[in-house]
Amino acid sequence: MMTSEESLLLKNRQNEFSAFYADLLPSLVDFIGRIGIQPAHEVLKTAVQFKALVSQATESFSIDSEEDRIWLVTRLGYYIGEYFVQKHSGCWYVNEILIPATLLDLLLDDSIFPVNGR
């Protein structure tokens with residue numbers, strides 16, 4: 001059973017989903033282009049085939065600020081989501097199962113993409 005806070009969070013996610021999705025695809029294409037993969041728009045049809053290219057392009061990134069790290073982790077999340085959508089013939093939707101904070105903390109752990117100097 002959801003707490004009132006969790007229920008409010010879910011309602012906010014549902015209300016903001018259209019705007020999130022409208023921003024997601026152009027942001028993903030922009031990200032793919034910025035890491036040097038062309039034609040970048042093809043990621044919208046062939047994200048699974050981009051896996052090795054994305055991995056190679058991002059393996060030696062140098063992250064200089066927390067803002068850069070957040071930008072990168074967000075765009076990689078967009079790519080990973082689109083990868084799974086295409087690989088499993090799925091779709092983007094609001095997950096009604098809330099992720100425990102400990103799992104979310106692990107996913108956002110800055111040791112995965114550390115900021116330089118930390």
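A residue is called buried here when its relative accessible area is under 20%, exposed when it is over 50%, and partly exposed in between. The model on screen is predicted.

**Whole chain**

Start with a cartoon of the whole protein. There are five helices and zero strands, so colouring by element gives the order α-α-α-α-α from the N terminus on. Of the 118 residues, 25% are buried. If you show the surface, about 8,200 Å² is exposed, and carbon and sulfur atoms supply 57% of that area. Among contacts between residues at least 6 apart in sequence, 68% join residues at least 24 apart.

**Helix H1**

Select residues 4-34, which are helix H1. Centre the view on Glu16: H1 has a kink of about 50 degrees there. Now show side chains for Leu10, Leu24, Ser27, Leu28, Phe31 and Ile32, the buried residues of H1. Their cover includes H2, H3 and H4. Just after H1, go to Gly36, where phi is positive, at about 90 degrees.

**Helix H3 and Thr58**

Next select helix H3, residues 51-58, and pick Thr58, which lies in this helix. Is Thr58 buried or exposed? Its relative accessibility is 13%, and therefore Thr58 counts as buried. To see its surroundings, add Phe31, Ile35 and Leu76; Thr58 touches these three, leaving aside residues up to four places away in sequence. Two of these names belong to other stops on the tour: Phe31 is among the buried residues of H1, and Leu76 is among those of H4.

**Helix H4**

Select residues 66-87, helix H4. Its 22 residues, at 1.5 Å a residue, should span 32 Å, and a distance drawn between the end C-alpha atoms comes to 31 Å, which agrees. Then show the buried side of the inventory: Arg69, Leu72, Val73, Arg75, Leu76, Tyr78, Tyr79, Gly81, Glu82, Tyr83 and Val85. Which helices do these residues pack against? The partners are helix H1, helix H2 (43-46) and helix H3. Beyond H4, stop at Ser89, which follows the helix and has a positive phi near 50 degrees.

**Aromatic rings**

Show the rings of Phe, Tyr and Trp across the model. The whole structure holds seven aromatic pairs. For one of them, select Phe20 and Trp92: the ring centres are 6.0 Å apart and the planes stand at 65 degrees, so the pair is edge-to-face. This pair links distant parts of the chain, with Phe20 in helix H1 and Trp92 in the loop between H4 and helix H5 (101-107), 72 residues apart. Phe20 counts as partly exposed because its relative accessibility is 32%.

Move to Tyr83 and Phe84, another edge-to-face pair, with 5.3 Å centre to centre and 90 degrees between the planes. How do the two residues stand in terms of burial? Tyr83 has a relative accessible area of 10% and is therefore buried. Phe84, with a relative accessible area of 44%, is partly exposed.

For the last selection, take Phe17, Phe20, Tyr21, Tyr78 and Trp92 together; these residues form one aromatic cluster. Within it, Tyr78 is one of the buried residues of H4, while Phe20 is partly exposed.

Terms used
Residues numbered from 1 in each chain as written. Predicted model: local features only at pLDDT ≥ 70, side-chain atom pairs only at ≥ 80, totals over all residues. Heavy atoms only, no water. Helix = DSSP H or I, 4+ residues; strand = E, 2+ residues; numbered from the N terminus. Expected span 1.5 Å × (residues − 1). Buried < 20%, exposed > 50% of the residue type's maximum accessible area, 1.4 Å probe, protein only. Contact = heavy atoms within 4.5 Å. Areas by Shrake-Rupley, 256 points an atom, 1.4 Å probe, with all protein chains shown as cover. Bend = angle between axes of the 7 residues up to and from the residue. Phe/Tyr/Trp six-rings, centres within 6.5 Å; stacked < 30°, edge-to-face > 60°.
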